[in-house]
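Biologist: Could we go through this model together? Please start with the terms.

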Amino acid sequence: MEALAAAGFTAGLLGGVHCIGMCGGIAGTLAGASRGPSWRRMAAFNAGRIASYCVAGALAGSVGLLASAGGTLHAMQLALFVTAHAFMIFIGLYVAGWGRGLVRLEALGRGAWSQLAPVRRRLVPIDSDARALGAGAVWGWLPCGMVYA
């Protein structure tokens with residue numbers, strides 16, 4: 001278990017390069033284009049993003065709860081355990097530049113992201129903390145292999 005935690009920590013550190021490249025420019029543009037105190041807009045934006053991740057985690061936890069109530073928890077735990085390890089391998093290959101498996105996974109999320117486009121457009125320009133919060137909540141559903149992993 002310690003090896004898995006160390007691998008996850010290392011992937012997170014190295015994955016930060018991916019995040020800076022993919023989201024850094026967008027976040028910088030958001031800060032520069034927002035009207036009003038940028039630190040407040042960024043705090044609201046990140047609160048919305050984190051809230052989206054919490055909702056996704058709660059949904060996943062609910063699936064686990066239903067599986068345990070249905071008596072299929074052990075089989076699901078085993079499947080998720082194997083899947084988590086496979087994701088760690090994919091992240092390592094992706095960060096090292098030796099694999100593009102996460103790019104394919106991100107492509108699966110594009111359909112859902114396109115459904116959020118009308119909501120996203122209504123939140124621009126980000127001229128209030130409420131719009132920043134909403135934009136962050138939408139951004140939390142952006143297809144991202146690092147987040148999925």
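Modeller: Helices are DSSP runs of H or I with at least four residues, numbered from the N terminus. The model is predicted: local features need pLDDT of at least 70, side-chain atom pairs count only at pLDDT 80 or more, and totals for chains, interfaces and linings use all residues. Residues are numbered from 1 along each chain as its sequence is written, and side-chain values use heavy atoms, with hydrogens and water left out.

Biologist: Where is Leu14?

Modeller: Leu14 is in helix 1.

Biologist: Is Leu14 buried or exposed?

Modeller: Neither; its relative accessibility is 47%, so Leu14 counts as partly exposed. Buried means under 20% relative accessible area, exposed over 50%, and partly exposed in between, with a 1.4 Å probe and protein chains only.

Biologist: And what about Ala11?

Modeller: Ala11 lies in helix 1, residues 2-33. Ala11 has a relative accessible area of 12% and is therefore buried.

Biologist: Changing topic, how many aromatic pairs are there?

Modeller: The count is 1 aromatic pair. The ring centres of Phe45 and Trp139 are 4.7 Å apart with planes at 70°, so the pair is edge-to-face. Rings of Phe, Tyr and Trp (its six-membered ring) pair if their centres lie within 6.5 Å; planes under 30 degrees apart are stacked, over 60 edge-to-face, and the rest tilted.

Biologist: Which helices hold the two residues?

Modeller: Phe45 is in helix 2 (residues 38-69) and Trp139 in helix 6 (residues 129-139), 94 residues apart, and the pair links distant parts of the chain.

Biologist: Is Phe45 buried or exposed?

Modeller: Phe45 is buried, at 4% relative accessibility. Trp139 is buried too, with a relative accessible area of 12%.
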